Amino acid sequence: MKKDGIKDGDQVKLTTQRLKKLIRESMDNMNKLKELVKSGEEGYNMALELAPEMGIPKEEVEKMPFELPYGQRPKWALRQEIEAQKKQLEHTTDEKQRREIEQYLEGLEEELYDY
């Protein structure tokens, strides 16, 4: 038994319960941010602002639009990604990397025009 009157087994149980609660809260926050992202570009920007306050890295929000299935990714996100990849392509000299970027761009553009 510890000084505070809590048995070691009870302490582990409390820690496990707290961990489960934190995981549930984190999942709830992620779901809320995903709904914001799905709502459109303004929602995406709001999610980016809220993420750090919810203890979620911005990087997680940045990739959310691309976790959606083909055809469900928002047009604005596809356009943003196309522009970012074109900029990266301008500064890439490695031929293998250039081909990979070009193939990725081709897929993004195809998806955008399939709407």
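In the predicted model, Arg 73 lies in the loop between helix H3 (58-63) and H4. Because its relative accessibility is 15%, Arg 73 counts as buried. The side chain of this arginine makes a polar contact with the side chain of Glu 111, at 2.6 Å. Glu 111 is itself one of the buried residues of H5. Arg 73 also comes within reach of an earlier part of the chain: its C-alpha atom and that of Lys 38 are separated by 8.5 Å, although the two residues are 35 apart along the chain.

The secondary structure of the protein chain amounts to five helices and zero strands, and from the N terminus on the elements run α-α-α-α-α. Of the 115 residues in the chain, 26% are buried. Among contacts between residues at least 6 apart in sequence, 45% join residues at least 24 apart.

In soluble globular proteins, nonpolar side chains tend to be buried together. The largest nonpolar core of the model has 12 residues: Met 30, Leu 33, Val 37, Tyr 44, Ala 47, Leu 48, Ala 51, Ile 56, Val 61, Met 64, Trp 76 and Ala 77. At least two residues of this core come from each of helix H1 (8-38), helix H2 (41-50) and helix H4 (75-90). Apart from this core lies another, of seven residues, among them Ile 82, Leu 105, Leu 108 and Leu 112. Within the largest core, Met 64 is in contact with Met 30, Leu 33, Lys 34 and Val 37, leaving aside its neighbours within four places in sequence. Met 30, Leu 33 and Val 37 are, like Met 64, members of the largest core.

A polar residue of helix H1, Asn 29, is also withdrawn from the surface. Asn 29 counts as buried because its relative accessibility is 18%, where the cut-off is under 20%. Not counting residues up to four places away in sequence, Asn 29 touches Met 54 and Ile 56, and Ile 56 belongs to the largest core.

Helix H5 (residues 95-113) was examined for its length and its sidedness. At 1.5 Å a residue, the 19 residues of H5 should span 27 Å, and the end C-alpha atoms are 27 Å apart, which agrees. The buried residues of the helix are Ile 101, Leu 105, Leu 108, Glu 111 and Leu 112. Seen down the axis of H5, these residues fall within an arc of 125 degrees, so they line one face of the helix. The buried residues pack against H4, whereas the face turned away from the buried side carries the exposed residues Lys 96, Gln 103, Glu 106 and Tyr 113. Leu 105, Leu 108 and Leu 112, on the buried side, are among the residues of the seven-residue core.

Side chains of opposite charge can pair when their charged atoms come close. The count of salt bridges in the model comes to five, and three are described here. The side chains of Glu 109 and Lys 86 meet in a salt bridge, with 3.9 Å from N to O. Glu 109 lies in helix H5 and Lys 86 in helix H4, so the pair ties together parts that are 23 residues apart in sequence. Both partners are partly exposed, with relative accessible areas of 26% for Glu 109 and 35% for Lys 86.

The other two pairs lie each within one helix. An α-helix has 3.6 residues a turn, so residues three or four places apart point the same way. In helix H1, Lys 21 and Glu 25 are four residues apart, about one turn of the helix, and their side chains meet in a salt bridge at 3.8 Å, N to O. Lys 21 is partly exposed at a relative accessible area of 44%, as is Glu 25 at 38%. In helix H3, Glu 60 and Lys 63 are three residues apart, again about one turn. The closest N and O atoms of this salt bridge are 3.4 Å apart. Glu 60 has a relative accessible area of 27% and is partly exposed; Lys 63, with 39%, is likewise partly exposed.

Definitions and conventions: Residues are numbered from 1 along each chain as its sequence is written. This is a predicted model: local features need pLDDT of at least 70, side-chain atom pairs count only at pLDDT 80 or more; totals for chains, interfaces and linings use all residues. Side-chain values use heavy atoms; hydrogens and water are left out. A nonpolar core is a set of buried Ala, Val, Leu, Ile, Met, Phe, Trp, Tyr and Cys residues joined through side-chain atoms within 4.5 Å. Buried means under 20% relative accessible area, exposed over 50%, partly exposed in between (1.4 Å probe, protein chains only). Contact means heavy atoms within 4.5 Å. A polar contact is a pair of N or O atoms within 3.5 Å; within protein, one must be able to donate a hydrogen and the other to accept it, and residues adjacent in sequence count only if both atoms are side-chain atoms. A salt bridge is a side-chain nitrogen of Lys or Arg within 4 Å of a carboxyl oxygen of Asp or Glu. The expected span of a helix is 1.5 Å times one less than its number of residues. The arc is that of the directions from the helix axis to the C-beta atoms.
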